[in-house]
Amino acid sequence: MAIDLAAIEAQVNTAFPGAVVDRDGEWLVVDKARLKEVATYLRDEMGFDYLTHLSATDYPDRLEVVYNLYSTRPDLQGPGIPFKVRLADKENPHLPTVTDIWPGANFQEREVWDMFGIRFDGHPNLKRILLWEGFEGHPLRKDWHEPYYEQEHKPFKSRWPRPDNPRPRSAEERVRWRRNVRYPPDFDPENWEPIPEIEIDQADKIDINGLKTDRILLNIGPQHPSTHGVFRMVVGLQGETITSVYPVVGHLHRNHEKIGERNLWTGNIPYTERLDYISPMYNNFGYVVAVEKMMGREVAERAEYLRIIMGELTRAINHILAVGFLFNELGAMMTPMLYAFTEREHVLDLFEEASGARMMVNYYRFGGVARDVSDDWLKRCRKVVDRLERKIDEFEYMLTDNEIFIARTRGVAAMTWQEMIGYGVSGPVLRSAGLAYDIRKVEPYSIYDSFDFEIPTHETGDLYDRYRQRIAEARQSLKILHQALDRIPKGSIQAGKKAWNPTVPAGEAYVRVEHPKGELGFYLVSDGGTNPYRYHVRSPCFVNLGALEAMSVGHLLADAIVILGSLDTTMGEVDR
Amino acid sequence: MYGLGLLKGLRVTMRHFIESYTYDRSPLKWFSLKGRYDQEWLEKRQAIEGKGLFTIQYPEQQRKITENFRFLPMLVYDESPDKPRCVACGICARVCPPQCIWIRRATDNRGRPQARPAGFWIDFTICMSCGFCAEFCPFDAIKMNQEVKLATTDRDQDMFYDMDRLLVSAEYYAQLHPTDYAREEEARRAKEEAACRAAAEKKAAAEAKKAAAAKKKAEAQAAPAKPDDLTRIEGIGPKIAGLLAAAGITTFAQLAETGVERITQILREADPRLARITDPTTWPRQAKLAAKGQWDALAKWQERLKGGRE
């Protein structure tokens, strides 16, 4: 459904004269002072209640904070309202927070503060999130240079073949650690003490039936087998009941977005699959769809089908794996997880044969895919799909009625979808609470609109429903796969010429796809060159983690890990 | 009944347990001399329809690597390692996302750059195995190797490959990626044949044109003179002789009578580049001597001339 931005602009301006100061392409520019009023109005009066993306860009003369607002109302689902706030003061930029309107903005605003140094007035806990408290500088500012900095954009000049190129030195020889690393002025590594995330309140003693207990803080992770990577939760406990959860992320942070700004547009494709390494194909998918939209580029028909086949195989196997992990975290050690991994092997074999690698696939290209597949591959793919169908049946037979499983998961971490929307939660977790919101349906990309599939939903959003939701979605993926394998046409896999350094017309866009874990968005700004000016990944896992505390409080410590596992996070994508 | 769900789950795990002993072989063969991890049985279990035990005993058993598998880049040479296919164009070094390729371009003895690398280094500690270098190489010179056992104790030195360690023969490449190799060779053969055919057609067309012109000339001249060997004039090669013949100048006498401007015009019409690099000033005078039969005088003069120039 198309959205009439001009009408919305007029409507907002009637309610708050002068609130929308400008139009920048598809973006409304909102006055900083009226931001909160406008945001509340858009949510309450106009039905745009779902803030999914919030980030910023550093321009030479200003900073911009961008918001992407969508609606869950059936008649307004589809394209949303993109708006931004311009901040002319680069020395001390600040704007009002929207965390009290959408609690889900919490993490993303902290990320913007961390990366750009933009303060959000009224934010409950404006601390760095991906970097450590005490880090010097804000890395995504254009004047910040990373260690190993060589040049603003790749390809670096020293890589041009010239007669006088010396024998290069290895990375360690070439750039010393010390160069380009800045420390705060009074930093002394000997006496530095980490700033605690949560202050322990020793006076917080509670008398329960004459037993005096302390509220204690327990660190789970970062090296914990069930935290899905390197992740730390500071859990406040009252007895065994959780009173607070403070997620500490960033252990795998590598400044993916700064690397992305240095890279060529093409060069970012193999970096995207390092985000969510459980479903690498879909990260490729999201990135090329976003860049193709900016380029206005056609895609070869056979390549579209291959994209769907790879993408849905990824989704099916991601959900099967998520179910396996869920049981691992419940204490059903290994058996369901290893059954899931066996199925994954078959899918990875297909990926390896098609793309050349099992996980770091680098398969999607602008306008097509990297390699064609043989008829034999398609035949085997069909067999794998049939096998997955049998195995999903087996999983359901084995697990769904298990009494211990039901006792552990029913009613745990239940949340209404309205609450989840506030936290920006997306993907299977949101749908398990009863809202049929799937980007493949509401804002179709690629050729998803030509397939016949349903969006399954469940009712309560508790752990048990999330499990059933994933099983149901994996079945729908197999349904799409059957159709795609039946209809895949012969022909070219690449539309237009495949260039190693394509340029993208100047402009900015936020393009989202339905990643197996939720809404994967790419916010891209191009200055018309061969490198992105700004490259931001709206990671579904990162935003979903924002709801972890609200889901966990009041449940038992033993459930904390399971709740985290049911969000199906991958730390490579959270930390970027 | 409470507990039924548990029993259902246990039934599945029990079936898996039993299948791991019975799917690949009948109980009669349990005491066979063939090991539990026999290759034939393994393939049966690992097939897409396979059941039972899925794991293998690494490293005694290893899975077959698929043809498209890529790990790290290698450079391909055709006949000998002195002549790699690489022409040092640098596309691989520029498209490389982590920028791990360095190339030094070769020069000839006068310092001019040449189309081959003098040095080629890849830092495998930062290579991300994406395969862009192989994909975008226009000369099929860099390809992806499948050798994965590269463990070493000194990553700074041993993981920093130079040309000697990167170069592999075309046969090795053909063995790793037979389908790709066959397709590329096919494309190359087709290209060469097309080039050959185009050249042959061009030659045939030129000859036909020449023949037609000569015929026209012959018709125009009632009594054509016997043609002389114009290449004896210094500065005239077979090509220019052919051009002059096409313009009707076949004897020394005719050439001696032709003006320098006319000769230049003939050359320019045929090929402007040719007109720039040749100087026909002395040709009529040389032809005059040749026409008179004064070969000694001509030879003496030609000794002083440099490529037909005074």
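How many residues does the contact take from chain A, and how many from chain B? The contact takes 46 residues from chain A and 44 residues from chain B. The model described here is predicted.

**The side of chain A that touches chain B**

Several elements of chain A give two or more residues to the side that touches chain B: α4 (171-174), α6 (269-272), α9 (335-355), α10 (375-399) and α11 (403-409). Of these, α10(A) gives the most, with 8 residues. By class, this side of chain A consists of 19 nonpolar, 11 polar and 16 charged residues.

**Domains**

For chain A, the domain assignment gives domain 1 (5-121) and domain 2 (278-503). Their centres, taken over C-alpha atoms, are separated by 31 Å. The two domains touch: 11 residues of domain 1 of chain A are in contact with 9 residues of domain 2 of chain A. On the domain 1 side of this contact there are 5 nonpolar, 5 polar and 1 charged residues.

Chain B is divided into domain 1 (1-63), domain 2 (72-176), domain 3 (188-221) and domain 4 (230-304). The centres of domain 1 and domain 4 of chain B, again taken over C-alpha atoms, are 90 Å apart.

**Helix packing in chain A**

Helix α8 of chain A (residues 301-330) packs with helix α18 of chain A (residues 557-566) at an angle of about 175 degrees, and their axes are 9 Å apart. Because of that angle, α8(A) is roughly antiparallel to α18(A). On the α8(A) side the contact is made by F325(A), L326(A), E329(A) and L330(A), and on the α18(A) side by I561(A), V562(A), G565(A) and S566(A). These residues divide into 5 nonpolar, 2 polar and 1 charged.

Helix α8(A) also has a contact with helix α7 of chain A (residues 280-295); the two axes come within 8 Å and cross at roughly 135 degrees. The angle therefore makes α7(A) oblique to α8(A). The crossing of α7(A) past α8(A) is left-handed. From α7(A), the contact uses M281(A), Y282(A) and F285(A), and from α8(A) it uses R307(A), M310(A), G311(A), T314(A) and R315(A). By class, the contact of α7(A) with α8(A) has 4 nonpolar, 2 polar and 2 charged residues.

**Backbone features**

Most residues other than glycine have a negative phi, and most peptide bonds are trans. The table lists places in both chains that depart from this pattern.

| Place | Feature | Value |
|---|---|---|
| K154(A) and P155(A) | cis peptide bond | omega about -5 degrees |
| Y58(B) and P59(B) | cis peptide bond | omega about 5 degrees |
| N255(A) | positive phi, not a glycine | phi about 50 degrees |
| Q99(B) | positive phi, other than glycine | phi near 55 degrees |

P155(A) lies in the loop between β7 (119-121) and α4 of chain A. P59(B) is in the loop between α2 (39-46) and β1 (72-77) of chain B. N255(A) is placed in the loop between β11 (241-248) and α5 (256-262) of chain A, and Q99(B) in the loop between α3 (91-95) and β2 (101-107) of chain B.

Are N255(A) and Q99(B) buried or partly exposed? N255(A) has 18 C-beta neighbours inside 10 Å, so N255(A) counts as partly exposed. Q99(B) has 21 other C-beta atoms within 10 Å, so Q99(B) is buried.

**Y172(B)**

Y172(B) belongs to helix α7 of chain B (residues 170-176). Y172(B) counts as partly exposed because it has 15 C-beta neighbours inside 10 Å. V76(B) is 96 residues away from Y172(B) along the chain, and their C-alpha atoms are separated by 8.7 Å.

Definitions and conventions
Residues numbered from 1 in each chain as written. Chains lettered and ligands numbered in written order. Predicted model: local features only at pLDDT ≥ 70, side-chain atom pairs only at ≥ 80, totals over all residues. Axes fitted to C-alpha atoms, helices over the stretch in contact; angles between N-to-C directions. Helix = DSSP H or I, 4+ residues; strand = E, 2+ residues; numbered from the N terminus. Parallel < 35°, antiparallel > 145°, perpendicular 65-115°, else oblique. Contact = placed C-beta atoms within 7 Å. Nonpolar A, V, L, I, M, F, W, Y, C, P; charged D, E, K, R; others polar. Left-handed = near helix turned anticlockwise from the far one by under 90°. Buried ≥ 20, exposed ≤ 12 C-beta atoms within 10 Å, placed from the backbone. Domains from an automatic or database assignment.
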